[in-house]
Amino acid sequence: MQRLRAQVREQMRNEPGVYLMRGVHGEVLYVGKSTQVRTRLLSYFRLPWPEHRHARLLRETSRIEWEPMPSEFAALLREVRLIRAHLPKYNIKAARPLDKWWVITVAGGPAPRLRLQRASAAARAKQAAQVIGPFASRRPLVEALRVLNDALGLRDCTDRVPMVLHDAVDLFDDMVHPSLTRTPGCHRYETRRCLGPCVGATTEYAYRAQLSRARAVLEGRDDSPHQQLVREMSAASAALSYERAGWLRDRLTALQELDAQLARVREAITKPSFVYAMPGRDGDDRLYLVRHGRVVAEARCSEPESVTALQALEQRGVQAPTGAVVDQLDELLMIESWFRTRPNDAALKADTVVGALETLVRDRRDSDSLR
């Protein structure tokens, strides 16, 4: 503790930056950021032990590393990316954005299913998955996905249930395939709400066609399940079956609420590109190229080559995504929160690199005039 305190006092300065606290084996225990790094770290040594988690963290820390940053925005962006890379155990939910959000992913296997999981769990997967989300609440998603699965015949059972599609059954010719004699794992096949991939009742092509329709619904390109529910609800009302009509209305409401959430997500990830000009400490001004809710490149204004490279990247056309990649969600959320809580920073946004440089000049001139 004395060695770590002396290191902070002697080596660190009160300026924006990020810091990493590592354990005895070099593992990252915690990633933090502050506009005054030295003061922040010294405050940890005054916390009560063992009550406070940061006091407990210090007892496990072998060394502290830090990176100075030119601005709070740069520090926040670096913190998000370091947390994403290391997922430190002491970064609790408030500091690990992905832990707070839910996403819809497509599970693997011969008959993939729509899966609802924490964004952090999806990020830890071996391959970065294309996801639908993020969503703040799990409860309304459960009912909406149940309705969507019923409408399109997709399975909602766990991955432990074995799947044998009809394509495999055909290989046995006249032999009786075991899956044909097996009882389905749930009632959904008998009630025609599932295509029955667990009993060889559908082909891979037919199942994946319905899965593609589900993706189209989630991406806002298909509303046929909604229209089907409207027709069934009208028929039930005409037949004076009001109880069934009410049940259908509730299912339609679940899909409509999901649509409202998806519309907000699509708006966030399809926002047009802009260049954000950020004045930095000691004149280290930087430009950030933001595309579809995340920073794709940055440049130091003091380095002409860096600015030229950013202009070249700016001119490349990029198709708007239909979904986010899970390891980009935390950055998307951070940037959305940054501009929502700092409306005055809209003046530092421009459509082009040249425009962003001009906003920096004006900002510097205005700041000098106020001194």
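**Cores, salt bridges and odd angles**

Biologist: Which residues does Leu 218 touch, not counting those up to four places away in sequence?
Modeller: Contact here means heavy atoms within 4.5 Å. Leaving aside residues up to four places away in sequence, Leu 218 touches Ile 104, Leu 114, Ile 132, Leu 148, Leu 258, Leu 262 and Arg 266.

Biologist: Before we go on, which atoms do side-chain values use?
Modeller: This is a predicted model, where local features need pLDDT of at least 70 and side-chain atom pairs count only at pLDDT 80 or more, while totals for chains, interfaces and linings use all residues. Residues are numbered from 1 along each chain as its sequence is written, and side-chain values leave out hydrogens and water and use heavy atoms.

Biologist: How many residues are in the largest nonpolar core?
Modeller: A nonpolar core is a set of buried Ala, Val, Leu, Ile, Met, Phe, Trp, Tyr and Cys residues joined through side-chain atoms within 4.5 Å. Buried means under 20% relative accessible area, exposed means over 50%, and partly exposed is in between (1.4 Å probe, protein chains only). Among those with the most contacts inside the largest core are Ile 104, Phe 135 and Leu 218. The number of residues in that core is 34.

Biologist: Which helix gives the largest share of this core?
Modeller: Helices (H or I, at least four residues) and strands (E, at least two) are DSSP runs, numbered from the N terminus. Elements that each supply at least two residues of the core include strands E4 (102–106), E5 (114–118) and E6 (130–135), along with helices H6 (139–152) and H8 (204–218). The largest share, 8 residues, comes from H10.

Biologist: How many residues does the other core have?
Modeller: That one lies apart from the largest core. Leu 82, Phe 274, Val 295 and Ile 335 are among its residues, and the count is 24.

Biologist: Let's look at helix H4; how far apart are its end C-alpha atoms?
Modeller: The expected span of a helix is 1.5 Å times one less than its number of residues. H4 covers residues 72–86, so its 15 residues should span 21 Å. The model agrees, with the end C-alpha atoms apart by 21 Å.

Biologist: Which residue just after H4 takes a positive phi?
Modeller: H4 itself holds several buried residues, including Phe 73, Leu 76, Val 80 and Ile 83. The residue with the positive phi sits in the loop between H4 and E4 and counts as partly exposed at 25% relative accessibility. Its phi is about 45° although it is not a glycine; the residue is Leu 87.

Biologist: Which residue of strand E2 pairs with Glu 72?
Modeller: Side chains of opposite charge can pair when their charged atoms come close. A salt bridge is a side-chain nitrogen of Lys or Arg within 4 Å of a carboxyl oxygen of Asp or Glu. Here the closest N and O atoms are 3.5 Å apart. The partner, 39 residues away from Glu 72 in the chain, is Lys 33.

Biologist: And which Arg forms a salt bridge with Glu 72?
Modeller: Glu 72 counts as partly exposed at 28% relative accessibility. The Arg lies in the loop between helix H12 (329–341) and strand E11 (349–350), 270 residues from Glu 72. With the closest N and O atoms 3.3 Å apart, the partner is Arg 342.

Biologist: How many salt bridges are there by this rule?
Modeller: Arg 281 and Asp 282 make one of them, at 3.1 Å from N to O. There is also a network linking Asp 284, Arg 286, Glu 298, Arg 300 and Glu 303. The count comes to 26.

Biologist: Which residue does a cis peptide bond join to Trp 49?
Modeller: Omega is about 10° at that bond. The partner's place is in the loop between helix H2 (37–44) and helix H3 (53–60). That partner is Pro 50.

Biologist: Is Leu 240 buried or exposed?
Modeller: Leu 240 lies in the loop between H9 and H10, and its phi is near 60°, a positive value in a residue other than glycine. Its relative accessible area is 57%, so Leu 240 is exposed.

Biologist: To finish, what share of the 371 residues is buried?
Modeller: The protein chain has 13 helices and 11 strands. Buried residues make up 44%.
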